Amino acid sequence: MRIVYLLVFAVFFTACKNDKKTSNTTSEEKKSTKNGLIYPEEVHFKSLKQITFGGDNAEAYWSFDDKQLVFQSNYKKWNVGCDQMFLMNANEDFKNSVPPMISTGKGRTTCAYFLPDNKHIIYASTHLVDENCPEVPLRKNGKYIWPVYDSFDIFVADLQGNIVKQLTHEKGYDAEPTVSPKGDKIVFTSTRSGDLELYTMNIDGTDVQQITNELGYDGGAFFSPDGSKIIFRSSRPKTPEEIKAYKDLLAEGLVEPTEMELYICNADGSELRQLTDLGNANWSPFFHPSGKKVLFSSNFEAERGFPFNLYMIDIDGKNLKRVTHGETFDAFPVFSNDGKKLVFSSNRNNGGGRDTNLFIAEWQD
């Protein structure tokens, strides 16, 4: 659960914590678009195709051969009560059809990712503890929060939806797995230490190593294209009051996702450093194909907690650049392995509602 996108909408309506931040965009309806989807300032998009047309669809990840994607959706018209995993071919859309579901349909699932053989995926699911969809708390003491279900474990499944192996067996939250482009390692988030830390393991689940150890929520991690580095987002409390609030929420299986920055380290956790210091929520990072830049979603320019747009920054923290220019929500950017396409989630072209759909752009530097 790098961020449960349903709950990001709650963040949209929080007050900005820095009144000096402003938004320079006009209303979404008044902004012109190219082919109805691309705003004129979005110069990195050569073309843009909408893939889904209803519900909340996010965290789409490419197969190693770029021929397919796996993504999560809660679209009720697809007969699911909460997030499940679906498979698509890279040239498909689902305006008039339903993609095949490749999770069990039980519990809540999150964060599927292809394994190197292109025939299996990993994902996290709560179904072993309860086959029903777990409750989703939204607020506590007037603040927006989201759950860290201790029933999540990580599984391997084939593309017909059959679970073939369970990779984690520890008590507590094990989720957010992604695979190194080298095909040798998985990085994931776990509470097995008592805090939300990052771990790596081999593709078969062996040799588990903890790679972060500072108090706070470390999650949403991805490897660089050469597998040497890891980018992730973190909310790390500093003051005694922040530390107490964080620990109290975590004891209830909750976190508050409104203040996050990006961190980068070597794949073994060494040379850890903070990449952004922008304020508000900076998250869903993914490496540019060059390995020298990172795309991510942020509301740091927002006046009222939204919009979220995509930004790009060098891995030395320089040359911050805005990539998307909507007034609602753009997040979860993921490059294809060949670097030619970018899939992301957006509220654009949803008729003014709250549906979050998948889009695939032809990328140009």
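## The chain as a whole

Of the 365 residues in the chain, 59% are buried. The model you are looking at is a predicted one. Its secondary structure consists of two helices and 27 strands.

How does the overall size fit that of a compact globule? For 365 residues, such a globule would have a radius of gyration near 21 Å, and the 19 Å found for the chain agrees with this. If you follow the C-alpha trace along its principal axes, the spans are about 50 × 50 × 40 Å. Contacts also reach along the sequence: among those between residues at least 6 apart, 53% join residues at least 24 apart.

## Strand β5 and its partner

A good place to begin a closer look is strand β5, residues 109-114. Six of its six residues are buried, so β5 is largely enclosed by the rest of the structure.

Which strand pairs with β5? The partner is β6, residues 120-125, joined to β5 by four bridges, and the two strands run antiparallel. Within this pairing, Y113 stands opposite I122 in β6. Together β5 and β6 form a hairpin, with five residues between the strands. In the turn you will find N118, whose phi is positive, at about 60°.

## The largest pocket

Now turn to the largest pocket, which has a volume of about 530 Å³. Its lining is made up of 23 residues, and those nearest the centre of the pocket are S235, R236, P237, E242 and E259. Three elements give two or more residues to this lining: β17 (229-235), α2 (240-251) and β19 (261-266).

Which element gives the most? That is α2, with five residues. Sorted by class, the lining of the largest pocket has 10 charged residues, eight nonpolar ones and five polar ones.

## A look at Y144

One more residue to find is Y144, which sits in strand β8, residues 143-144. Is Y144 buried or exposed? The cut-off for buried is under 20% relative accessible area, and Y144 has 18% relative accessibility, so it counts as buried.

You can also compare the position of Y144 with that of S298. These two residues are 154 residues apart in sequence, while their C-alpha atoms are 17 Å apart in space.

Technical notes: Residues numbered from 1 in each chain as written. Predicted model: local features only at pLDDT ≥ 70, side-chain atom pairs only at ≥ 80, totals over all residues. Heavy atoms only, no water. Buried < 20%, exposed > 50% of the residue type's maximum accessible area, 1.4 Å probe, protein only. Pairing = 2+ DSSP bridges. 1 Å grid on protein atoms, 1.4 Å probe; cavity = no way out; pocket = protein on both sides within 12 Å on 5 of 7 lines; lining within 4 Å. Points joined across faces, edges and corners; volume = space filled by probe spheres on them. Nonpolar A, V, L, I, M, F, W, Y, C, P; charged D, E, K, R; others polar. Rg over C-alpha atoms; globule rule 2.2 N^0.38 Å. Contact = heavy atoms within 4.5 Å.
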